[in-house]
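Please open the model in your viewer and keep the selection box at hand. We will go from stop to stop, choosing a few residues each time and looking at what is there.

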Amino acid sequence: MAAVKCVLLDIEGTVCPISFVKDTLFPYALKALPDVLSSKWDDEDFRPYRDAFPEEARQSAQELQAHVEDLTKRDVKIAYLKNLQGYLWETGYKTGAYSTPLFPDVAPQLRKWKEQGVQLVIYSSGSVFAQKLLFGHVASPTAEAGQKRKRALEGDLDHDETVPAKKKAIEGEGGAADGSDGAVQMSSDLATNNIDTIQADTTNLPHEDGNASTEDLQHLISGWFDTTNAGLKQDAGSYKKIADALQMAPQDIHFLSDNVKEVEAAIEAGMASSIVDRPGNAPLSEEDKARFHVVQSLDQVSLTAKKASNREEVDAVPEPEKPSRRRSQRLKGKDL
């Protein structure tokens, strides 16, 4: 069986907890938005984000704020909202208000696949700009633990440290989103179909970013897709479009997601696909568990199977050899 050439990954619920997006990123954006609307309404760098909204929603800052709050509450996956969220999140990442908490198995497995020559590509409803922020500011467990130990030894660590800094940032200071170069990078990504060209000097060494030690893992990813340049994630045509952009046959790609309908769409397009069942994800029905290949971590994913969408196809074992006619006759008189 031929090995898969590319792993296409969802983000939320697949490589990082859904709670990070719902409980940290969404509230931060809503907290930062009023100040941005009041101070940047007519700024050249903010205008493309504002003007992407429906006309009735951009009649005033108050109406746009209300529209964003409504879309966020309903978790609507629409491009103009996702682009604005990425713009707002940039300041939080850069100031260290939060960093991306990848599941423990993710970074090691991505590095392993990369070393094996497997192409790694992201497909998320979040904008490409937001995707790059997320992978560019990954929490470094080693550095984070070291900093806490150091503060504990110095007597600066109290019981309040058990509350994540990112939560404190949301409940405390909001801060305005700068994002002055966000629109440029976003439009550049869309123009180049998001087949990324990372600079050669990009590394994954921990670096200081605001108050948080983070790692930049963008160099592991060679392609970035969202609903703007690929299409809706529950549409099989979107996966065919991604395969065409990557110049690969769909069967050379393995898609990983926590969403059953997205997995169904990828399979319909001809890709192999697995459901990633993480803590905090929507529970899977027994029917879904029977129909699809389900994994709890990325290191459980097999990239050698020709088609890994169905549990029977992935977990199948060779049928036992049928006994010969003579041996069958001998067995008839035995208690089995």
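## Stop one: the cavity

Begin with helix α4 (79-95), because this helix gives four residues to the lining of the largest cavity, the largest share. Please keep in mind that you are looking at a predicted model.

How many cavities of 30 Å³ or more does the structure hold? There is one, and about 180 Å³ of space lies in the largest cavity. To find the place, select Val21, Trp89, Ser124, Gly126 and Leu134, which lie nearest the centre of the cavity among its 17 lining residues. Now colour α1, α4 and α6 (128-136), the elements that each give two or more residues to this lining.

What kinds of residue will you meet along the wall? The lining divides into eight nonpolar, six polar and three charged residues.

Next, give the two domains their own colours: domain 1 covers 1-16 + 100-149 + 211-305, and domain 2 covers 18-98. Where does the largest cavity lie with respect to these domains? Both of them give residues to its lining, so the cavity lies between them.

## Stop two: a cluster of rings

Now for some aromatic side chains. A search of the whole structure finds 10 aromatic pairs. A pair of aromatic rings is described by the distance of the centres and the angle of the planes, so those are the two values to look for in your viewer.

Select Tyr28 and Tyr98 and show their side chains. Their rings form an edge-to-face pair, with 5.0 Å from centre to centre and 85 degrees between the planes. Tyr28 belongs to helix α1 (residues 18-40), whereas Tyr98 is in the loop between α4 (79-95) and α5 (106-115), so this pair ties together parts that are 70 residues apart in sequence.

Add Tyr93 to the selection. The ring centres of Tyr93 and Tyr98 are 4.9 Å apart and the planes are at 80 degrees, so this pair is edge-to-face too.

Are these tyrosines buried or exposed? Tyr28 has a relative accessibility of 2% and counts as buried. Tyr98 is buried as well, at 2%, and Tyr93 is also buried at 2%.

Finally, add Phe20 to complete the view: ring pairs link Phe20, Tyr28, Tyr93 and Tyr98 into a cluster.

While you are in helix α1, select Thr24, which is found in this helix. Thr24 is buried, with a relative accessible area of 5%. Draw a distance from its C-alpha atom to that of Ser99: the two residues are 75 apart along the chain, and the separation is 9.8 Å.

## Stop three: a charge over a ring

Move on to Tyr123 and Lys233. Which part of Lys233 sits over the ring of Tyr123? The charged end of Lys233 does, 5.3 Å from the centre of the ring.

## Stop four: strand β5

Select strand β5, residues 212-215. Two of its residues are worth a click.

Ser213 is found in this strand and is buried, with a relative accessible area of 5%. Its C-alpha atom is separated by 6.5 Å from that of Ala139, although the two residues are 74 apart along the chain.

Glu215 also has its place in β5 and counts as buried at 13% relative accessibility. From Glu215, draw a line to Phe135: the C-alpha atoms are 8.1 Å apart in space, while these positions lie 80 residues apart in sequence numbering.

## Stop five: two loop residues with positive phi

The last stop is about the backbone. Select Asp75, in the loop between α3 (61-73) and α4. Asp75 has a positive phi of about 50 degrees although it is not a glycine. At 21% relative accessibility, Asp75 counts as partly exposed, since buried would need a value under 20%.

Then go to Gln247, in the loop between α10 (236-246) and β7 (253-257). This residue is not a glycine either, yet Gln247 has a positive phi of about 60 degrees. Is Gln247 buried or exposed? With 76% relative accessibility, Gln247 counts as exposed.

Definitions and conventions. Residues numbered from 1 in each chain as written. Heavy atoms only, no water. Phe/Tyr/Trp six-rings, centres within 6.5 Å; stacked < 30°, edge-to-face > 60°. Buried < 20%, exposed > 50% of the residue type's maximum accessible area, 1.4 Å probe, protein only. Lys NZ or Arg CZ within 6 Å of the ring centre and 35° of its normal. 1 Å grid on protein atoms, 1.4 Å probe; cavity = no way out; pocket = protein on both sides within 12 Å on 5 of 7 lines; lining within 4 Å. Points joined across faces, edges and corners; volume = space filled by probe spheres on them. Nonpolar A, V, L, I, M, F, W, Y, C, P; charged D, E, K, R; others polar. Domains from an automatic or database assignment.
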